[in-house]
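Reader: I've got a small protein model open and I'd like to learn how to read its features. Could you walk me through it?

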Amino acid sequence: PAAGAGVAYYSNKFYLSLSAPSLFYYNQNEEAKGEFAPDKINYLFSGGYLFRPLESVALQPSGLVIFNP
């Protein structure tokens, strides 16, 4: 099976998100079966903020962190 999950919060000025794109772990050296293994899942955390230094200029720096326990 293939499944993922995530949540996001956003407003006019910033956003934050947390997701796990693949909830099942597959070991290529074993038989083709998926197992739910929270300690082997990649978690992605991202966020960004909108800066308006001038009326005609908008900057939106953002970042992404991948956490693998």
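Author: Let's go from the overall fold to the sheet, and then to single residues and the surface.

Author: One thing before we start: this is a predicted model.

Reader: Fine by me. Which secondary structure elements does the protein have, and in what pattern?

Author: Start with the count, then read along the chain. The protein has zero helices and eight strands, so to speak a run of one letter: β-β-β-β-β-β-β-β.

Reader: How many of those strands sit in the open sheet, and what is their order?

Author: The thing to look for is who lies beside whom, not who follows whom in sequence. Here an open sheet of four strands has the order β1-β2-β5-β8, and the pairing is antiparallel. At the edges stand β1 and β8 (62-67); each has a single partner strand, so one side of each has no neighbour in the sheet. If you like angles, neighbouring strands in this sheet are turned by 10° against each other on average, with direction ignored.

Reader: What joins β1 to β2?

Author: A hairpin does, through three residues. The two strands run antiparallel and are joined by six bridges. To find the register, look for facing residues: Tyr10 stands opposite Tyr15 in β2.

Reader: And how many bridges are there between β2 and β5?

Author: Six bridges, again in the antiparallel sense. You can follow this pairing residue by residue. Tyr15 stands opposite Gly48 in β5, Leu16 opposite Gly47, and Ser19 opposite Leu44. Tyr15 therefore links back to the hairpin, where Tyr10 is the residue facing it.

Reader: What about β5 and β8, how many bridges join them?

Author: Six bridges, and the strands run antiparallel. A handy pair to click on is Ser46, which stands opposite Leu64 in β8.

Reader: Is β8 buried or in the open?

Author: To judge a strand, check the accessibility of its residues. Of the six residues of β8, the number buried is zero, so the strand lies largely in the open. For the protein as a whole, 10% of the 69 residues count as buried.

Reader: How do side chains point along a strand in general?

Author: In a regular strand the side chains alternate between the two faces of the sheet. Keep that in mind while you rotate the model.

Reader: Let's try a single residue. Is Ala8 buried or exposed?

Author: Compare the relative accessibility with the cut-off: exposed means over 50%. Ala8, found in strand β1, has 62% relative accessibility, so it counts as exposed. Leaving aside neighbours within four places in sequence, Ala8 is in contact with Leu16 and Ser17. You can also check a distance across the sequence: the C-alpha atoms of Ala8 and Ser46 are 38 residues apart along the chain and separated by 9.2 Å.

Reader: Where does Tyr25 lie, and how accessible is it?

Author: Tyr25 lies in strand β3 (residues 24-25). With a relative accessible area of 26%, Tyr25 is partly exposed. The C-alpha atoms of Tyr25 and Asn42 are 17 residues apart along the chain and separated by 9.9 Å.

Reader: What can I say about contacts between residues far apart in sequence?

Author: Take the contacts between residues at least 6 apart in sequence: 34% of them join residues at least 24 apart.

Reader: Now the surface. How much of the accessible area belongs to carbon and sulfur atoms?

Author: The accessible surface comes to about 5,600 Å², and 59% of that belongs to carbon and sulfur atoms.

Reader: Which residues form the nonpolar patch?

Author: Among them are Val7, Tyr9, Phe14, Leu16, Leu18, Phe45 and Tyr49, and the patch has about 950 Å² of accessible area together. The elements that give two or more residues to the patch are β1 (5-10), β2 (14-20) and β5 (43-49).

Reader: Which element gives the most to the patch?

Author: That's β2, with three residues. Phe14 is a good one to colour: Phe14 lies in strand β2 and is partly exposed, with a relative accessible area of 30%.

Key. Residues are numbered from 1 along each chain as its sequence is written. This is a predicted model: local features need pLDDT of at least 70, side-chain atom pairs count only at pLDDT 80 or more; totals for chains, interfaces and linings use all residues. Side-chain values use heavy atoms; hydrogens and water are left out. Patches are made of residues with over 30% relative accessible area and no salt bridge: like charges are joined within 9 Å, nonpolar side chains (Val, Leu, Ile, Met, Phe, Trp, Tyr) within 5 Å. Accessible areas come from the Shrake-Rupley method with a 1.4 Å probe; for residues, only the protein chains shown count as cover. A salt bridge is a side-chain nitrogen of Lys or Arg within 4 Å of a carboxyl oxygen of Asp or Glu. Buried means under 20% relative accessible area, exposed over 50%, partly exposed in between (1.4 Å probe, protein chains only). Two strands pair if DSSP finds at least two bridges between them. Axes are lines fitted to C-alpha atoms, for helices over the stretch in contact, and angles run from 0 to 180 degrees between N-to-C directions. Contact means heavy atoms within 4.5 Å.
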